Amino acid sequence: MPVKIRLQRHGKKGKPFYWVVAADSRAKRDGKFLEKIGTYNPISNPAQIELNIDAAVKWLKNGAQPTETARRILSYKGVLLKYHLLGGVAKGALTMEQAEAKFNAWLEEKAGKISSKEEKLAKDKASAKANALAAEKEANEKRKNAAIAKAAEAENEVAEATTSEENNETEA
């Protein structure tokens with residue numbers, strides 16, 4: 001039976017949420033599957049991916065072929081690297097400890113990149129909020145100054161009208 005590692009769509013219209021599953025390639029997209037390997041939420045930034053790495057490697061060893069999107073997700077989470085390292089262990093090029101050390105070092109580096117991206121996004125969001133607040137304060141000041149100028153202009157007109165009435169009364 002040809003097995004594929006692919007995405008199974010869940011969620012509502014416009015808000016997709018995916019399960020990463022191992023399924024028979026002849027099954028429907030959202031149909032029967034053999035095993036749920038993880039989840040993928042593309043809506044959040046950065047995308048949230050939870051994956052059972054050992055189960056994914058097991059299916060790859062058994063000959064499962066990932067779809068293109070699933071391959072990118074597996075690569076992003078390090079499943080393909082672990083599969084590659086385990087191939088090296090099977091050939092005798094590495095020991096299991098060396099493979100685990102390389103994999104853990106890669107995971108730490110990846111975690112650092114993800115955290116720096118999250119920090120950058122948070123900083124950008126905070127600066128955008130500060131810029132919006134400054135622009136709003138500036139607009140409020142302009143509006144306030146315009147209202148003060150309009151009120152002063154109205155007072156001048158009233159004062160001119162009263163002086164012109166007084167002048168008319170004195171002439172009469």
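This text leads the reader through a helix pair, a nonpolar core and one glycine in a predicted model. Local features are given at pLDDT of at least 70 and side-chain atom pairs at pLDDT 80 or more, while totals for chains, interfaces and linings use all residues. Residues are numbered from 1 along each chain as its sequence is written, and side-chain values use heavy atoms, without hydrogens and water.

Helices (at least four residues) and strands (at least two) are DSSP runs numbered from the N terminus. The largest nonpolar core, a set of buried Ala, Val, Leu, Ile, Met, Phe, Trp, Tyr and Cys residues joined through side-chain atoms within 4.5 Å, has 25 residues. Buried means under 20% relative accessible area, with a 1.4 Å probe and protein chains only. Among the residues with the most contacts inside this core are Ile5, Trp59 and Val79. Helix H1 supplies five residues, the most of any element.

Helix H1 (residues 53-61) packs against helix H3 (residues 79-91) at about 55°, with the axes 9 Å apart. Axes are lines fitted to C-alpha atoms over the stretch in contact, and angles run from 0 to 180 degrees between N-to-C directions. The two helices are therefore oblique to each other, a class outside roughly parallel (under 35 degrees), roughly antiparallel (over 145) and roughly perpendicular (65 to 115). Contact means heavy atoms within 4.5 Å; among the residues making it are Ile53 and Leu60 of H1 and Val79 and Leu86 of H3.

Glycine 78 lies in the loop between H2 and H3. Glycine 78 counts as buried because its relative accessibility is 1%. Beyond residues up to four places away in sequence, glycine 78 touches Phe103 and Trp106.

Definitions and conventions:
Buried < 20%, exposed > 50% of the residue type's maximum accessible area, 1.4 Å probe, protein only.
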